[in-house]
Amino acid sequence: MDISNIDSMLTQLRAGAALAGGKAGSVGTIASGDETGSEAGRVDFATVFRRSLDQVNNVQQHASKLARDFEFGAPEANLTEAMISLQKASISFQYTVQVRNKLVAAYQDIMNMPV
(Lines give C-alpha, C1' and ligand atoms only; values in the text may rest on other atoms or scores of the structure.)
Protein backbone atom coordinates (compact mmCIF):
# COMPACT_ATOMS: atom_id res chain seq x y z
CA MET A 1 0.00 0.00 0.00
CA ASP A 2 1.45 3.32 -1.07
CA ILE A 3 1.04 6.01 1.59
CA SER A 4 1.60 8.84 -0.92
CA ASN A 5 -1.78 8.08 -2.54
CA ILE A 6 -3.54 8.47 0.80
CA ASP A 7 -1.68 11.71 1.53
CA SER A 8 -2.59 13.02 -1.92
CA MET A 9 -6.27 12.14 -1.45
CA LEU A 10 -6.29 13.73 2.01
CA THR A 11 -4.76 16.92 0.61
CA GLN A 12 -7.38 17.02 -2.14
CA LEU A 13 -10.20 16.49 0.36
CA ARG A 14 -8.88 19.28 2.56
CA ALA A 15 -8.55 21.65 -0.39
CA GLY A 16 -12.07 20.83 -1.57
CA ALA A 17 -13.47 21.28 1.91
CA ALA A 18 -11.72 24.63 2.29
CA LEU A 19 -12.98 25.78 -1.09
CA ALA A 20 -16.55 24.67 -0.35
CA GLY A 21 -16.40 26.30 3.07
CA GLY A 22 -15.53 29.64 1.51
CA LYS A 23 -11.89 29.57 2.61
CA ALA A 24 -10.18 29.49 -0.77
CA GLY A 25 -7.02 31.12 0.57
CA SER A 26 -6.27 28.63 3.34
CA VAL A 27 -6.67 24.92 3.79
CA GLY A 28 -8.20 23.97 7.13
CA THR A 29 -8.20 20.66 8.90
CA ILE A 30 -11.01 18.20 8.66
CA ALA A 31 -12.79 17.96 11.98
CA SER A 32 -14.43 14.67 12.77
CA GLY A 33 -16.63 15.67 15.65
CA ASP A 34 -17.59 19.29 14.96
CA GLU A 35 -20.84 19.36 12.98
CA THR A 36 -21.28 23.13 13.04
CA GLY A 37 -18.02 24.10 11.34
CA SER A 38 -17.93 27.17 13.58
CA GLU A 39 -14.42 26.80 14.97
CA ALA A 40 -11.87 29.05 13.30
CA GLY A 41 -9.53 27.19 10.94
CA ARG A 42 -11.56 23.98 11.04
CA VAL A 43 -13.78 22.59 8.32
CA ASP A 44 -16.30 19.88 9.06
CA PHE A 45 -16.23 17.29 6.29
CA ALA A 46 -19.78 16.11 6.97
CA THR A 47 -21.14 19.65 6.57
CA VAL A 48 -19.21 20.23 3.35
CA PHE A 49 -20.37 16.90 1.96
CA ARG A 50 -23.99 17.62 2.95
CA ARG A 51 -23.83 21.02 1.23
CA SER A 52 -22.44 19.40 -1.89
CA LEU A 53 -25.23 16.83 -1.93
CA ASP A 54 -27.82 19.58 -1.43
CA GLN A 55 -26.31 21.52 -4.32
CA VAL A 56 -26.48 18.44 -6.61
CA ASN A 57 -30.09 17.92 -5.53
CA ASN A 58 -30.95 21.56 -6.32
CA VAL A 59 -29.34 21.29 -9.77
CA GLN A 60 -31.34 18.14 -10.50
CA GLN A 61 -34.61 19.68 -9.34
CA HIS A 62 -34.00 22.82 -11.42
CA ALA A 63 -33.23 20.71 -14.50
CA SER A 64 -36.37 18.64 -13.97
CA LYS A 65 -38.47 21.80 -13.64
CA LEU A 66 -37.06 23.26 -16.87
CA ALA A 67 -37.67 19.99 -18.73
CA ARG A 68 -41.20 19.69 -17.35
CA ASP A 69 -41.97 23.30 -18.32
CA PHE A 70 -40.77 22.63 -21.86
CA GLU A 71 -42.78 19.40 -22.09
CA PHE A 72 -45.95 21.18 -21.01
CA GLY A 73 -45.36 23.97 -23.51
CA ALA A 74 -44.81 26.85 -21.10
CA PRO A 75 -44.25 30.07 -23.07
CA GLU A 76 -41.02 30.94 -21.24
CA ALA A 77 -39.56 27.42 -21.70
CA ASN A 78 -36.36 27.15 -23.69
CA LEU A 79 -35.16 23.82 -25.10
CA THR A 80 -31.50 24.83 -25.12
CA GLU A 81 -31.56 25.93 -21.49
CA ALA A 82 -33.41 22.75 -20.47
CA MET A 83 -30.94 20.47 -22.27
CA ILE A 84 -27.89 22.26 -20.84
CA SER A 85 -29.38 22.11 -17.37
CA LEU A 86 -30.11 18.38 -17.73
CA GLN A 87 -26.51 17.76 -18.81
CA LYS A 88 -25.17 19.75 -15.85
CA ALA A 89 -27.37 17.72 -13.52
CA SER A 90 -26.16 14.47 -15.07
CA ILE A 91 -22.50 15.46 -14.78
CA SER A 92 -22.87 16.64 -11.19
CA PHE A 93 -24.59 13.38 -10.24
CA GLN A 94 -21.87 11.31 -11.93
CA TYR A 95 -19.22 13.33 -10.09
CA THR A 96 -21.02 12.74 -6.78
CA VAL A 97 -21.13 8.99 -7.45
CA GLN A 98 -17.41 8.98 -8.20
CA VAL A 99 -16.65 10.86 -4.97
CA ARG A 100 -18.75 8.33 -3.07
CA ASN A 101 -16.89 5.48 -4.73
CA LYS A 102 -13.53 7.02 -3.76
CA LEU A 103 -14.69 7.47 -0.17
CA VAL A 104 -15.89 3.87 0.04
CA ALA A 105 -12.61 2.62 -1.44
CA ALA A 106 -10.62 4.73 1.04
CA TYR A 107 -12.73 3.42 3.91
CA GLN A 108 -12.19 -0.16 2.78
CA ASP A 109 -8.43 0.44 2.47
CA ILE A 110 -8.32 1.84 5.99
CA MET A 111 -10.40 -1.01 7.39
CA ASN A 112 -8.10 -3.58 5.76
CA MET A 113 -4.95 -2.05 7.29
CA PRO A 114 -3.32 -4.14 9.98
CA VAL A 115 -3.47 -2.63 13.44
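Here are three short exercises on this structure, each with a worked solution.

This is a predicted model, in which local features need pLDDT of at least 70 and side-chain atom pairs count only at pLDDT 80 or more, while totals for chains, interfaces and linings use all residues. Residues are numbered from 1 along each chain as its sequence is written, and side-chain values use heavy atoms, with hydrogens and water left out.

**Exercise 1. Describe the order of the elements and the share of buried residues.**

Step 1. Let's start with the elements: the protein has three helices and two strands. These are DSSP runs numbered from the N terminus, with helices being H or I of at least four residues and strands E of at least two.

Step 2. Read from the N terminus, the order is α-β-β-α-α.

Step 3. Now for burial: 17% of the 115 residues count as buried. Buried means under 20% relative accessible area, exposed over 50% and partly exposed in between, with a 1.4 Å probe and protein chains only.

**Exercise 2. Find the aromatic pair and place it in the fold.**

Step 1. Rings of Phe, Tyr and Trp (its six-membered ring) pair if their centres lie within 6.5 Å; planes under 30 degrees apart are stacked, over 60 edge-to-face, and the rest tilted. This rule gives one aromatic pair.

Step 2. The partners are Phe-45 and Phe-49, stacked with 5.9 Å centre to centre and 15° between the planes.

Step 3. Why are they about one helical turn apart? Because they sit four residues apart in helix α2 (residues 45–71).

Step 4. Check the accessibility too: Phe-45 is partly exposed at 24%, and Phe-49 is partly exposed at 26%.

**Exercise 3. Characterise the largest pocket by volume and lining.**

Step 1. The largest pocket holds about 690 Å³ of space. On a 1 Å grid over the protein atoms alone, a pocket is an open set of points where a 1.4 Å probe fits, with protein on both sides within 12 Å along at least five of seven lines; lining residues have an atom within 4 Å of a point. Points are joined across faces, edges and corners, and the volume is the space filled by probe spheres set on them.

Step 2. There are 22 lining residues, and Leu-13, Gly-16, Ser-52, Tyr-95 and Val-99 are the closest to the centre.

Step 3. Helices α1 (3–20), α2 and α3 (79–111) each supply at least two lining residues.

Step 4. Sorted by class, the lining has 14 nonpolar, seven polar and one charged residues. Here Ala, Val, Leu, Ile, Met, Phe, Trp, Tyr, Cys and Pro are nonpolar, Asp, Glu, Lys and Arg charged, and the others, Gly among them, polar.
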